[in-house]
Amino acid sequence: MSDRVAIIGIGFTSLRPSTPHLSFKELMFEAAQKAYLDAGVQPSEIDSFVTCAEDLNEGLSIFDEYTPDQLGAVQKPMHTLTQDGLHGIADALMLIRSGIAELVIVEAHSKASNIETPAWLADYALDPIYNRPLGFNPHAIAGLEMNVFLHESGLRAEHCAQVAAKNRSNALRNPIAAYALAVTPTYVESSPCVSYPLREAEIAEKADGCAVVVLASDKRAERTRSRPVWVRGVGFANDSATLESRDWARAEYVRIAAKMAYRQASIENPRDIRLFEIDDTYAYKELQHLIALGVYSDGTEAARSVEAGETRSDSSVPVNVSGGALGMGLPLEASGLYRVVEVVLQLRGQAGARQLPDVRLGLAQSWRGVPTTSGAVVIMGSD
């Protein structure tokens, strides 16, 4: 068995609002080939494969029946997680630490542009008796949660606007981002109100893309030609599935997941982490998740940080240097893996124009989106 697990290869496509000229299989093939080249491995060497996909979004059941060819997984162990890509990282970690496998591939992708009625599909995640008849759409639920969060935390709508402006502007330095835009908080606050107090410019727009990550045991990682990035800790959790019984002000799923990951990584102070790539499906979620991660103790501290520009890429607590989902786009189940990709690039010193100095520890965090309370945290280090 291997106690230490490394990421030895990453492959990814650019995120785009729509890719009518490419199927999900072609996106997957491109990302997989890049990942194998990066890791210096052949598909025949890989012991197990994990694909992260939601059947409702795919329009297909038993999705791993449609993935072996393009990943080189024919007649190899392969299974599907109906979860975000960070849950796939946790799955791979358990496969390797248990001694079942030495090399594991995690794949997640998005063909969101193919989904004509995403809000209608999200209804299937709601309680069919008490919630579904209300006719909510995802943004309406997010608006309600944002309102409660702001009221309970003391944060204000202008703080959320600053987050949106920061992330969209950060994406200007990311060549694979789909929605990079130099905007001001005033622009965000003047955008149409979708569901009070949530505004249009504070909502991440869907994107197509694919990311593939190669994980290896410590012994196998010694033979790689790439620079390994070590998985220091992983956590995942779900809060209540029903709207009426969940905590609307706090992201409990992130707090629990982070506690697990911090314990594994022997981290007592989250501020020891140099880089945070966290879920910002909605701008307020970045602030809610930072509090749940323990980066800030409460809304007052978070507000002061935002006002001081502390979470900018050139400041003390860089958050979503990649542009996050607001700037890069929201690639469904692949969102978490794109957060992992950014952390790996930063730890390797390969992030180009957005490279941070002296990054040795980074955190990626995901959320599966409305109406779920499902999230995961992965902590990575360069040594």
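This passage describes the main sheet, the helices packed on it and the largest pocket of a predicted model.

The sheet is open and is formed by 9 strands. Their order is S3-S2-S4-S7-S1-S8-S11-S10-S9, and the pairing is mixed. Strands S3 (78-81) and S9 (275-277) stand at the edges. Each has a single partner strand, so one side of each lacks a neighbour in the sheet. On average, neighbouring strands are turned by 25° against each other, direction ignored.

Strand S4 covers residues 103-111. With a cut-off of under 20% relative accessible area for burial, 9 of its 9 residues are buried, so S4 is largely enclosed by the rest of the structure. Burial applies to both faces. One side carries Leu103, Ile105, Glu107, His109 and Lys111. The other carries Val104, Val106, Ala108 and Ser110. The buried set thus includes Glu107, His109 and Lys111 along with Leu103 and Ile105.

S4 pairs with strands S2 and S7. Strand S2 (residues 48-52) runs parallel to S4 and is joined to it by 5 bridges. Within S2 and S4, threonine 51 stands opposite glutamate 107. Strand S7 (residues 208-217) runs antiparallel to S4, with 9 bridges between them. Here lysine 111 has aspartate 208 of S7 as its bridge partner. Further along the sheet, strand S1 (residues 5-12) and strand S8 (residues 229-238) run antiparallel and share 3 bridges. Alanine 6 is bridged to tryptophan 230 in S8.

Two helices were examined against this sheet. Helix H4 (residues 85-97) packs on the sheet and touches S1, S2, S3, S4, S7, S8, S10 (361-367) and S11 (374-381). The direction of H4 makes about 165° with that of S4. Helix H10 (residues 252-265) also packs on the sheet, touching S8, S10 and S11. Its direction makes about 150° with that of S8.

The largest pocket has a volume of about 880 Å³. Its lining comprises 39 residues. Pro138, Lys206, Leu330, Leu332 and Val370 lie nearest the centre. The elements giving two or more residues to this lining are helix H2 (55-58), helix H5 (118-122) and helix H6 (138-153). H5 gives the most, with 4 residues. By residue class, the lining divides into 22 nonpolar, 8 polar and 9 charged residues.

How values were computed:
Residues numbered from 1 in each chain as written. Predicted model: local features only at pLDDT ≥ 70, side-chain atom pairs only at ≥ 80, totals over all residues. Heavy atoms only, no water. Buried < 20%, exposed > 50% of the residue type's maximum accessible area, 1.4 Å probe, protein only. Pairing = 2+ DSSP bridges. Axes fitted to C-alpha atoms, helices over the stretch in contact; angles between N-to-C directions. Contact = heavy atoms within 4.5 Å. 1 Å grid on protein atoms, 1.4 Å probe; cavity = no way out; pocket = protein on both sides within 12 Å on 5 of 7 lines; lining within 4 Å. Points joined across faces, edges and corners; volume = space filled by probe spheres on them. Nonpolar A, V, L, I, M, F, W, Y, C, P; charged D, E, K, R; others polar.
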